[in-house]
Amino acid sequence: MSSLFLRNLDEHLQLMQVLGALDPQVHQAGQRLAATLRAGGKIMFCGNGGSAADSQHLASELTGRFIKDRRPLAGLALTTDSSALTCIGNDYSFDDVFVRQVQGLGRAGDALFGISTSGNSANVLRAVEAAKAMGIYTLGLLGRDGGKLGALCDDSIIVPHGITARIQEAHLLIGHTLCGLIEANLGVGQ
């Protein structure tokens, strides 16, 4: 019997082999996110659990730096304000923790980057619905078959796998690639 690490590595490598098919979606999303920032908009990120951590990670790649030193870019993780999350969750519902922030902080011309390994996270769905109604570009970084978010988002990048850990590993690669594309489209980086 092979070790757990070797089994996980084999699953990871098999998934990485099929991700090349996502190149057109990743390229288009990178261009649209860069255009959002170029026009003075911001990118808001949201997700739950590991996807919340990815939201924070990717937002920090924009406000900090990714490849090269550059001016800070407007990236905002809607997962980081514990007072907003607990207030909204308590006074309304956990399903509303992102939608109320999008409604309060978002403006037409911004982008909402929703991350969900299932594609069915209710709080991300509600945020995307509100964002679309507000003229905010919506991007879903999703897993499995894309779930309900797959068809709802303006653009969706769907990692076709059933294991959450493998989807999250692919999401990080795609997220880093999008950060690189943003920098390249803005004239910095790679």
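**Notebook: Thr79 and the cavity**

I started with the neighbours of Thr79: leaving out residues up to four places away in sequence, Thr79 touches Phe45, Cys46, Gly47, Ala52, Ser55, Gln56, Leu85 and Phe98. Note to self: this is a predicted model.

Next I checked where Thr79 sits. Thr79 belongs to the loop that runs between strand E2 (75–77) and helix H4 (82–91).

Buried or exposed, I wondered about Thr79? Thr79 has a relative accessible area of 10%, and the cut-off for buried is under 20%, so Thr79 counts as buried.

Then I looked at polar partners. The side chain of Thr79 makes a polar contact of 3.0 Å with the side chain of Gln56. Gln56 also turns up in the list of residues that Thr79 touches.

On to cavities. How many of 30 Å³ or more does the structure hold? I found one. For the largest cavity I noted a volume of about 50 Å³.

I pulled the lining of the largest cavity: Leu33, Ile43, Phe45, Leu58, Leu62, Phe113, Gly175, Leu178, Cys179 and Ile182. Phe45 is in this lining and is also touched by Thr79.

Which elements supply at least two residues of that lining each? I get strand E1 (43–46), helix H3 (50–63) and helix H8 (164–185). H8 gives the most, with four residues.

Last, I sorted the lining of the largest cavity by class: nine residues are nonpolar, one is polar and none is charged. Gly counts as polar in this scheme, so Gly175, listed in the lining, is the polar one.

Conventions:
Residues numbered from 1 in each chain as written. Predicted model: local features only at pLDDT ≥ 70, side-chain atom pairs only at ≥ 80, totals over all residues. Heavy atoms only, no water. Buried < 20%, exposed > 50% of the residue type's maximum accessible area, 1.4 Å probe, protein only. Polar contact = N/O pair within 3.5 Å; in protein donor to acceptor, adjacent residues only side chain to side chain. Contact = heavy atoms within 4.5 Å. 1 Å grid on protein atoms, 1.4 Å probe; cavity = no way out; pocket = protein on both sides within 12 Å on 5 of 7 lines; lining within 4 Å. Points joined across faces, edges and corners; volume = space filled by probe spheres on them.
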